[in-house]
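What follows is a walk through the metal sites of a predicted model. The text begins with a term that the later reasoning needs.

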Amino acid sequence: MIWEAIIDFVFPKTCVGCRVWGSFLCKDCEERLDFVEQICPMCGEGSPMGWTHSRCKSRYGMDGLIAIYEYQEPIARAVVDGIKYGFNRELMGMVMKNFIFETGFDFDFLVPVPLHFYRENWRGFNQAEELGKVIGSTLLVPVENVLARTKNTKQQALMKTREERQKNIENAFVVDRRPACRTGRFQVSDIRGKKILLVDDVFTSGADMRECTKMLKKAGAEVVWGLALAH
Ligand SMILES: [Zn+2]
Ligand SMILES: [Zn+2]
């Protein structure tokens, strides 16, 4: 307790949206945050509840996407960046407390999209993994780090076209053959027939999530949805 008081004194809490003191997200800014219109994760067009359009469904494709905020909206962006660049569990908790789950699925486990080393910040903070822990404890669903990065993909932001991004990300992920070493109980075979929720902070082009889904489905996953703070 005394340490929290000292930390609050040295690093006072200010709202990420308007800089007012007192909390990481003030009431006014929280009220101004709207839930975003949902999109199909395969084509990026609008779709009710984030279900993949039936015309966009494919064998190794995503089944749907839940996005909470619009990344272009300034307050939403400040919240997402606040989580991305700082070890801000409290802000994450505040964002998640209003989060309603509407897919109708009970997910078997969550998988964070593995972070590339150039995105991991100086504190070694992996926002997808941290987000996974918060969501997992909210939904009471276990988090399993079953995916790993395989190669140095170039920054997606440098890729101009959708095709270039897709090419860049191809085979960038693998199902980790030794996840049991880390969690002590999970086996790759446990993916078979499971309903999985992939977690990342932002769904931009969606290439990462689509590629992760492909690997999970090739390993036998039955259903893969994505969850992102913003798109
Ligand atoms: Zn504010
Ligand atoms: Zn679609």
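A residue is called buried when its relative accessible area is under 20% and exposed when that area is over 50%, with partly exposed in between. By this measure Cys18, at 39% relative accessibility, counts as partly exposed. Cys26, in contrast, has a relative accessible area of 11% and is therefore buried.

Both residues bind metal. The zinc ion (ligand 1) has as its protein donors the SG atoms of Cys15, Cys18, Cys26 and Cys29, which lie 2.3 to 2.4 Å from the ion. Along the chain these donors are spaced as C-x2-C-x7-C-x2-C. The angles that the four donor atoms subtend around the zinc ion (ligand 1) run from 105 to 114 degrees, so the arrangement is tetrahedral. For four tetrahedral donors the ideal angle is 109.5 degrees.

The zinc ion (ligand 2) has a histidine among its donors: Cys40 (SG), Cys43 (SG), His53 (ND1) and Cys56 (SG) coordinate it at 2.1 to 2.3 Å. The spacing of these donors along the chain is C-x2-C-x9-H-x2-C. Cys40 and His53 are 13 residues apart, and each lies in the loop between α2 (27-32) and β1 (64-69). Angles among the four donor atoms of the zinc ion (ligand 2) range from 98 to 119 degrees, and the site is tetrahedral.

How accessible are two of the donors at this site, Cys40 and His53? Cys40 has 0% relative accessibility and so counts as buried. His53 counts as buried too, because its relative accessibility is 12%, and the cut-off is under 20%.

Note on methods:
Residues numbered from 1 in each chain as written. Chains lettered and ligands numbered in written order. Predicted model: local features only at pLDDT ≥ 70, side-chain atom pairs only at ≥ 80, totals over all residues. Heavy atoms only, no water. Donors = N, O, S within 2.8 Å, 3.2 Å for Na, K, Ca; no water. Tetrahedral: all angles 85-135°; square planar, octahedral: opposite > 155°, others 65-115°. Helix = DSSP H or I, 4+ residues; strand = E, 2+ residues; numbered from the N terminus. Buried < 20%, exposed > 50% of the residue type's maximum accessible area, 1.4 Å probe, protein only.
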